[in-house]
Amino acid sequence: MKGNEAIAEAAIRYGVDGYFGYPITPQSEVMETLMAMRPWETTGMVVLQAESEVASINMLYGGAGSGKRVMTSSSSPGISLMQEGISYIAGAELPCVIVNVVRGGPGLGTIQPSQSDYFQAVKGGGHGDYKLIVLAPSSVQEMADFVGLAFDLAFKYRNPAMILSDGVIGQMMEKVELDEYRPRWTDEEIIEKNPWAATGKKPVRGQNIMTSLHIQAVDQENVNRRLQAKYKEMQEKEVRYETFMCDDAEYLIVAFGSAARISKKSVELAREKGIKVGLLRPITLFPFPYKEIGSYADQIKGILVPEMNAGQMIEDVKLAVNGKVDVEHYGRMGGMIFSPDEVENALEELIIGG
Amino acid sequence: MKEEIIIAGFGGQGVLSMGKILAYSGVMQGMEVSWMPSYGPEMRGGTANVTVILSDEPISSPILHEFDTAIILNQQSMDKFEKAVKPGGMLIYDGNGITRHPSRKDINIYRVDATEEAVRMRSIKTFNMIVLGAYLKLKKIVEMDNVLKGLKKSLPERHHHLIPMNEKAILRGGEIIREISVVE
């Protein structure tokens, strides 16, 4: 199954209430698969092709406000169009899931895979002091698994969550084990689990108002304080990462998503040559595993950060080791993909030789 | 057991679906698989290729720079991927339209004239299955039973009546493959 198809399958099985999207390569299979599976006839899930990405994200805003599980997917230029809505949803503290199957940019760019939307996903993208929960799958299995995880985290923190994938993971096929079907929340469950949602005001409760507008600066600052406290809690509790051969490592590769898959092979190649290198793969890009990467700073001699961009996550890796270790970037851009031997060569040239 | 394969040719030759059937066959056999296509504007009329990995172990990178086997179905792909075969690896090609034949001495080279055979069998669409059959004759990584299951899985149901024809093509491919040169 393709990564994009896994997203669609997982969404239906997880009991998602609505998908709103607009087609764009390389993620069109998400909506194609949903349309082919016709979940509105089985689970009751709504699948709707909106008139634009701007419309889709605002449909999410509305759906999320009613306490439903709603999601969209797009690729880089489409995600840029959604940024205003994403900022509003983050400001109104509503949960939803946004999938970005990244392609090369800037502008309309190419349709080939890229990781050049890291900054946009992790550092903001829209305006204002907000954060998304950002998950970076590196296999088709994780494309499926992270749909549920993203919804769980989004509802736990009432915050939009993004699955930051790319054309490699979206288009490739691998074996997947899918979860069992579970029913969508009933109206009663929504009221019980999401007391903040707009579910029809009863005399027993006050109005539930969702807004990102706070005219009084002092009110807005209070909202900001609450948001920052939430992001701090995420940083403390929700960091996820994976290590591969790091125990005896003298050098480290830090990579996410498809670049981590390619780099895993680079580690194997380097180990065959007797180079003691390990791979650390951040799974949550926000919250970022600063402490976890930093803990290797005394053990290792250098870090290579291979990314399919001009060097974005490397800034967070540098913050993590705080100047204690040399950190170098290796990248391809614009939809070009590096191969395992290119990354291994970069390790030898930039880190070991450098 | 691990087999890293690139299948490359023109868009429309069934390169991607051949890889898909091979990958599904691996799944049926309980192996780990990955299928990574080239996708994009170059697909129609231009070159198309797919990297398929079948392995008993979890697969690290779906993207590779060298291959155990290259299945090459046009000249552009020959120019690009002959050099990407690992020393001691295997290259299978269809001679149709090939002007510069493979010349490496450190790999095993086989030829299957599948285009010609597909025309003779009056079923040009099973061309890719002839090639697949030729490959599976040389590398018996998946059993025929599992290939047929894989075929069934990757064909939409309305095309299931074509399975016997495809099976015939797979068997025929095994018969017509010939050795060009092998490493001593």
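Me: What phi does A:Asn322 take just after α13(A)?

Reply: Heads-up, this is a predicted model: local features need pLDDT of at least 70, side-chain atom pairs count only at pLDDT 80 or more, totals for chains, interfaces and linings use all residues, and side-chain values use heavy atoms, leaving out hydrogens and water. Residues are numbered from 1 along each chain as its sequence is written, with chains lettered from A and ligands numbered from 1 in the order in which they are written. Helices are DSSP runs of H or I with at least four residues, strands are runs of E with at least two, and both are numbered from the N terminus. Right after α13(A), A:Asn322 has a positive phi, about 50°.

Me: Why do the buried residues of α13(A) sit on the same side?

Reply: The helix covers residues 313-321 of chain A, and its A:Met313, A:Ile314, A:Asp316, A:Val317, A:Ala320 and A:Val321 are buried (under 20% relative accessible area; exposed is over 50%, partly exposed in between, 1.4 Å probe, protein chains only). An α-helix has 3.6 residues a turn, so residues three or four places apart point the same way. Taking directions from the helix axis to the C-beta atoms, the buried set of α13(A) is on the same side because its arc around the axis is only 160°.

Me: Which residues of chain A lose the most area to chain B?

Reply: The contact (heavy atoms within 4.5 Å) takes 24 residues from chain A and 23 residues from chain B. The two chains bury about 1,900 Å² between them, 65% of it on carbon and sulfur atoms; that's accessible area (1.4 Å probe) lost on putting two parts together, summed over both. On the chain A side, 35% of what gets buried belongs to the three that lose the most: A:Met173, A:Lys175 and A:Lys265.

Me: Which side chain meets B:Glu4 in a salt bridge?

Reply: A salt bridge needs a side-chain nitrogen of Lys or Arg within 4 Å of a carboxyl oxygen of Asp or Glu. That rule finds 1 salt bridge across the interface of chain A and chain B. B:Glu4 is also linked with A:Lys265, B:Lys2, B:Asp68 and B:Lys86 in a network of salt bridges. At 2.8 Å, N to O, the partner of B:Glu4 is A:Lys265.

Me: Which element gives the largest share of the side of chain A that touches chain B?

Reply: Chain A and chain B have 7 residue pairs in polar contact, both residues at pLDDT 80 or more. Elements giving two or more residues to the chain A side are α8 (167-171), β7 (173-174), α11 (257-272) and α14 (340-352). With 6 residues, the largest share comes from α11(A).

Me: How many residues apart are A:Arg226 and A:Glu93?

Reply: Their side chains meet in a salt bridge of 2.5 Å, N to O. A:Arg226 counts as partly exposed because its relative accessibility is 45%, while A:Glu93, at 8%, counts as buried. A:Arg226 is in helix α10 (217-237) and A:Glu93 in the loop between α5 (83-91) and β4 (96-102), and the pair links distant parts of the chain, 133 residues apart.

Me: Which residue forms a salt bridge with B:Glu82?

Reply: B:Glu82 is buried, because its relative accessible area is 6%. Its partner is partly exposed at 35%. The closest N and O atoms are 3.1 Å apart, and the partner of B:Glu82 is B:Arg100.

Notes. Polar contact = N/O pair within 3.5 Å; in protein donor to acceptor, adjacent residues only side chain to side chain.
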